[in-house]
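Work through the exercises below with the coordinates open. Try each task before reading its solution.

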Amino acid sequence: MTKTIIQFSILFIVLVLAQAIMFNNICLFNLAVPFFFIYFIIRLPVTLAGGWVVTLSFLAGLIVDIFANTQGMNALACTLLSVMRRPVLRLYFPREDELTNPEPSIRSLGMEVYIKYLFTMVAIYCTIIFLIEAFSFFDPIRLLLRIVCSSLLTFLLLLGLDNVMSRSR
């Protein structure tokens, strides 16, 4: 248990700092922004109590907001993502008791289920964050392009990160 807490604490610090220092400054073609730090929320154990998931997600979003000066947008999006995590996982993997490892990953869910889960979570986050940022449908085509491009970029980065993390274990 203590080993898991230490691993997730290190993962939290590394991902949030990477987002604040490096990934907040990347914007491909003025459309795609990578949201690397949400991997922490996606990877939290299913057995973790809902209150802890919401609190840790809010904290991650708040820290990114402080570094990015985005006035709570990431905190709100992360909190909503943490609430959607369990229903999305149940959508693709109905029996959580059959998980070999309580942390959602390629190894524990299988490639097909994990890809669906990961893409759905990334798409939800990108949709929420860009809707909050736009706060209206001022240019719906540009909004949709930003959501799709950022979702694809973030999905590919997180899939690669999960592949590296799974191999190291």
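A salt bridge is a side-chain nitrogen of Lys or Arg within 4 Å of a carboxyl oxygen of Asp or Glu. The model used here is predicted.

**Exercise 1.** Test Lys116 and Glu112 for a salt bridge, then describe their placement and exposure.

*Solution.*
Step 1. Take the closest N and O atoms of Lys116 and Glu112: they are 3.3 Å apart. The cut-off is 4 Å. The pair forms a salt bridge.
Step 2. Place the pair. Lys116 and Glu112 both belong to helix 6, which covers residues 111-134. They sit four residues apart, so about one helical turn separates them.
Step 3. Classify the exposure. Exposed means over 50% relative accessible area, and buried means under 20%. Glu112 has 56%, so this residue is exposed. Lys116 has 37%, so this residue is partly exposed.

**Exercise 2.** Which parts of the chain does the salt bridge between Asp162 and Arg43 tie together?

*Solution.*
Step 1. Check the distance. The side chains of Asp162 and Arg43 meet at 3.1 Å, N to O, in a salt bridge.
Step 2. Locate the partners. Asp162 lies in helix 7, while Arg43 lies in helix 2 (residues 39-43). The salt bridge therefore ties together parts that are 119 residues apart in sequence.
Step 3. Classify the exposure. Asp162 has 0% relative accessibility and counts as buried. Arg43 is buried too, at 3%.
Step 4. Count and extend. The whole structure holds four salt bridges. Through shared partners, salt bridges join Arg43, Glu103 and Asp162 into one network.

**Exercise 3.** Describe the surroundings of Arg146: is this residue buried or exposed, and what is it in contact with?

*Solution.*
Step 1. Locate the residue. Arg146 lies in helix 7, residues 140-168.
Step 2. Apply the cut-off. Buried means under 20% relative accessible area. Arg146 has 16%, so this residue is buried.
Step 3. List the contacts. Set aside neighbours within four places in sequence. Arg146 is then in contact with Leu31, Val33, Phe130 and Glu133.
Step 4. Look at the contact with Glu133. The side chains of Glu133 and Arg146 form a salt bridge of 3.0 Å, N to O. The pair links distant parts of the chain: Glu133 is in helix 6 and Arg146 in helix 7, 13 residues apart.
Step 5. Compare the partners. Glu133 counts as partly exposed, with 40% relative accessibility. Arg146 is buried at 16%.

Key:
Residues numbered from 1 in each chain as written. Predicted model: local features only at pLDDT ≥ 70, side-chain atom pairs only at ≥ 80, totals over all residues. Heavy atoms only, no water. Helix = DSSP H or I, 4+ residues; strand = E, 2+ residues; numbered from the N terminus. Buried < 20%, exposed > 50% of the residue type's maximum accessible area, 1.4 Å probe, protein only. Contact = heavy atoms within 4.5 Å.
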